[in-house]
Amino acid sequence: MKEVYVITGGNGGMAEALELIVGKDYDLLLTFRSQEKADAHLAKLAEQGIEAEGYVCAVEDREQVKALAEYARAKGPVKAVVHTAGVSPSLAPGGGYEIMKTNVLGTINVVEEFYDVVAEGGSVLTLSSTGGHSYKDLFPKEPADIRLIDDYTDPDHIDKLFKLAQETTVKFGGAVSEDWMCYCISKYFVIRYTARNAFRYYRNKGVRINSVSPGNFATRMGLIEKENTEGEGQQLLAAIHRFGEPNEIAQVMAFMTSDLASDVTGEDWLVDGGAMVGLTMAQIQ
């Protein structure tokens, strides 16, 4: 019996590249927003010799994620869970609030519901972004803002995060949009929340949990954002003056969930061609 490898947001560009790397070694269970998207993507994978099973799940819905976790457990030992499902400013018709809800609640739901499901020695990987690092390094904030971001048990957490994004946008002089600020804060939450779960996860069953923060990549989402944000300009400040290819980030994701990274947990791996270094140095100069 092959070990189960769960990937949320199965039809995303980075997810697909990862599926092509790990698909022959694991029993792939992929999530989608609709059965139509699942059928189309699974057929595409089959043409490339990769067998997978689709599961319709909205990650911001806790009960749906709970059902997904139980389904994965029933399939066999779960080796890895890679949570790539999320939205960016150009792909969120509901605006900043939808971004915050999907990215924050989705991460919480996956991490919490798979806590007792991932097998001994397995791995969980969440998806942050250079946006999360931008909030950490470039935007004004107070200690109280960090405490608010971390307080995910507050029933009004999403509302308060949305208000924080609105206030920070104003403090930053409107140089970035409110939707983009929501995205940055939501991804900063992912980094901090993932790291805070490292001790809990490892002490339970020796499971590692990390995040990865992609910069600009030539995926569908990345190319749409290229047309609607300053992504291309930011990349010109990077050491590597190009958008990354999906396979480049997928190789990092595969490594992070493999036994080769057995001593790595509670960490975030920034994969951005040196963009954040360039942006930070530009701010200093």
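This is a walk through the structure, stop by stop, with something to select at each one.

**The whole chain**

Start with everything shown as cartoon, and keep in mind that this is a predicted model. You should find 13 helices and seven strands in the protein chain. Now switch on the surface: it comes to about 12800 Å², and 51% of that belongs to carbon and sulfur atoms. Of the 285 residues, 53% count as buried. If you turn on contacts between residues at least 6 apart in sequence, 74% of them join residues at least 24 apart.

**The start of the chain**

Select Met1, in the segment before strand E1. Is Met1 buried or exposed? Exposed, at 82% relative accessibility. Setting aside neighbours within four places in sequence, Met1 is in contact with Lys75, Gly76 and Pro77. Add Asp27 to the selection: its C-alpha atom is 8.5 Å from that of Met1, though the two residues are 26 apart along the chain.

While you have Asp27 and Lys75 on screen, bring in Glu53 as well. Asp27, Glu53 and Lys75 are linked in a network of salt bridges.

**Helix H12 and its cover**

Next, pick out helix H12, residues 246-256. Show side chains for Pro246, Ile249, Ala250, Val252, Met253, Ala254 and Met256, which are buried. What covers these buried residues of H12? The cover includes several strands, namely E1 (4-8), E4 (78-83), E5 (118-127), E6 (208-214) and E7 (268-271), and also helix H1 (13-22). Colour those elements separately and rotate around H12.

**Aromatic rings**

Now for the rings: the structure holds 11 aromatic pairs. Go to Tyr115 and Tyr201, an edge-to-face pair with 5.2 Å between the centres and 80 degrees between the planes. Zoom out and you will see that this pair links distant parts of the chain, 86 residues apart: Tyr115 is in the loop between helix H4 (95-113) and E5, while Tyr201 is in helix H9 (residues 198-205). Tyr115 counts as buried at 17% relative accessibility, and Tyr201 is buried too, at 1%.

For a stacked pair, select Phe189 and Tyr193: the centres are 5.2 Å apart and the planes are at 15 degrees. Where are these two in the fold? Both are in helix H8 (residues 178-196), and because they are four residues apart there, about one helical turn separates them. Phe189 is buried at 2% relative accessibility, and Tyr193 is buried at 1%.

Before leaving the rings, select Tyr135, Phe139, Phe172 and Tyr188 together. Ring pairs link these four into a cluster.

**Charges over rings**

Stay with Tyr135 and add Lys141, which lies over the face of the tyrosine, 4.9 Å from the ring centre. Then return to Tyr115 and add Arg200. The charged end of Arg200 sits over that ring, 4.2 Å from its centre.

**Salt bridges**

There are 11 salt bridges in the structure. Try Glu113 and Arg62, whose side chains meet at 2.6 Å, N to O. This one links distant parts of the chain: Glu113 is in helix H4 and Arg62 in helix H3 (residues 62-75), 51 residues apart. Glu113 counts as buried, at 17% relative accessibility, whereas Arg62 is partly exposed at 36%.

Move on to Lys160 and Asp154, where the closest N and O atoms of the salt bridge are 2.6 Å apart. Here the lysine is partly exposed, with a relative accessible area of 37%, and Asp154 counts as buried at 15%.

Finish this part with Lys136 and Asp137, a salt bridge at 2.8 Å, N to O. Lys136 is partly exposed at 38% relative accessibility, and Asp137 is likewise partly exposed, with 38%.

**Cysteines**

For the last stop, select the cysteines. How many disulfides does the structure hold? Zero. Centre on Cys184: the nearest cysteine sulfur is that of Cys182, 9.4 Å away. That cysteine, Cys184, is buried with a relative accessible area of 0%. Cys57 also counts as buried, at 4% relative accessibility.

Definitions and conventions
Residues are numbered from 1 along each chain as its sequence is written. This is a predicted model: local features need pLDDT of at least 70, side-chain atom pairs count only at pLDDT 80 or more; totals for chains, interfaces and linings use all residues. Side-chain values use heavy atoms; hydrogens and water are left out. Buried means under 20% relative accessible area, exposed over 50%, partly exposed in between (1.4 Å probe, protein chains only). Contact means heavy atoms within 4.5 Å. Rings of Phe, Tyr and Trp (its six-membered ring) pair if their centres lie within 6.5 Å; planes under 30 degrees apart count as stacked, over 60 as edge-to-face and the rest as tilted. A charge sits over a ring if NZ of Lys or CZ of Arg is within 6 Å of the ring centre and within 35 degrees of the ring normal. A disulfide is a pair of cysteine sulfur atoms within 2.5 Å. Accessible areas come from the Shrake-Rupley method with a 1.4 Å probe; for residues, only the protein chains shown count as cover. A salt bridge is a side-chain nitrogen of Lys or Arg within 4 Å of a carboxyl oxygen of Asp or Glu.
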